[in-house]
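Hi,

Here is the structure I said I would pass on. Have a look at it first, and then read my notes below.

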Amino acid sequence: MNAALQDSTLRSVPRVHRGKVRDIYALGERHLLIITTDRLSAFDVILPRPIPGKGAVLTAVTEFWMKRFTGIVPNHLAPEVRLAHYLKPDELAQCAGRTAVAKKLKALPIEAVVRGYLIGSGWKDYQKTGAVCGIALPKGLALAQQLPEAIFTPADKAPVGQHDENIAFAEVEKRLGAKLAAQVRDTSLRLYREAADYARDRGIIIADTKFEFGVDESGKLHLIDEVLTPDSSRFWPADTYRVGTSPPSFDKQFVRDYLETLDWNKQAPGPMLPDDILEKTAAKYREAQRRLTGV
């Protein structure tokens with residue numbers, strides 16, 4: 001197994017946050033250094049063994065989408081900032097291929113989830129209520145079926161170790177104001193539709209995804225965090241997709257499926273993944289990157 005990064009250890013700059021996957025450091029007053037580790041979170045638990053190369057894949061895929069979407073919404077990237085001004089040589093080596101320098105923005109307190117297919121918690125919700133997150137859907141839809149149109153199903157941002165909770169759009173309006181809430185919804189749906197069309201031509205179905213946004217001092221909306229990665233999205237191979245069955249995936253669903261076979265209560269600490277699961281998961285991440293970015 002190749003070396004993997006579970007935790008970053010920079011000393012020259014202060015760490016301000018440790019998320020499920022990303023470590024964030026302050027670069028002065030106006031910028032942040034985001035290090036995407038190889039940590040893997042499943043069922044909102046950080047697993048003890050990382051996936052080699054995962055952080056580099058997430059970083060490359062996010063940068064690809066952010067640049068592609070610049071005509072729709074600005075993003076947090078600040079490529080003009082040079083890390084060599086802040087870090088020592090050994091720290092730069094630790095960051096290679098897995099970092100982004102970002103403008104410091106005010107993150108919005110929601111996750112902007114878009115669903116294009118009926119799967120996961122949406123399928124369970126539909127079976128019980130005929131709706132997904134309160135949005136009524138036609139009767140008779142099957143597992144993994146494409147929805148008549150993509151739907152916006154926002155969620156509350158949960159702290160590390162807790163589960164995200166779906167919230168009504170009225171709650172988003174309450175938190176953000178009606179104008180910004182509508183902008184977040186409409187932007188999320190447009191990004192999903194454009195990405196889904198692009199990915200389908202490259203053999204990937206994007207079943208659902210989540211976006212995160214922030215605003216600058218003037219209130220201008222920016223795309224932040226990660227974008228349409230195998231961690232934040234459900235990617236299915238188009239050539240084996242069949243309505244009525246849960247498709248195989250390029251994302252961490254592979255790990256979730258393995259974990260479901262174990263006698264584990266989905267509470268920390270998580271189980272140790274065996275080498276073959278790590279290797280197969282890493283290969284799925286790399287394949288998703290290759291298909292989407294060509295690299």
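Let me begin where two helices meet: F169, V172, E173 and L176 in α4 touch A178, L180, A181, A182, V184 and R185 in α5, contact being heavy atoms within 4.5 Å. Helices here are DSSP runs of H or I with at least four residues, and strands are runs of E with at least two, numbered from the N terminus.

Before going on, please note that this is a predicted model, where local features need pLDDT of at least 70 and side-chain atom pairs count only at pLDDT 80 or more, while totals for chains, interfaces and linings use all residues. Residues are numbered from 1 along each chain as its sequence is written, and side-chain values use heavy atoms, leaving out hydrogens and water.

V184 of α5 also reaches further afield: beyond its neighbours within four places in sequence, its contacts are L108, I110, A112, F152, L176, F213 and L221.

V184 appears again in the largest nonpolar core (buried Ala, Val, Leu, Ile, Met, Phe, Trp, Tyr and Cys residues joined through side-chain atoms within 4.5 Å). Of the 70 residues there, W65, V184, F211, F213, L223 and L273 touch the most other members. The biggest contribution to this core, 10 residues, comes from α5. Another core, of 13 residues, lies apart from it and includes L10, I35, A78 and V81.

W65 is also one of the buried residues of α1, where buried means under 20% relative accessible area (1.4 Å probe, protein chains only). Among the elements covering the buried residues of α1 are β2 (22-27), α5 (178-200) and α7 (275-293).

Best wishes

Note on methods. Buried means under 20% relative accessible area, exposed over 50%, partly exposed in between (1.4 Å probe, protein chains only).
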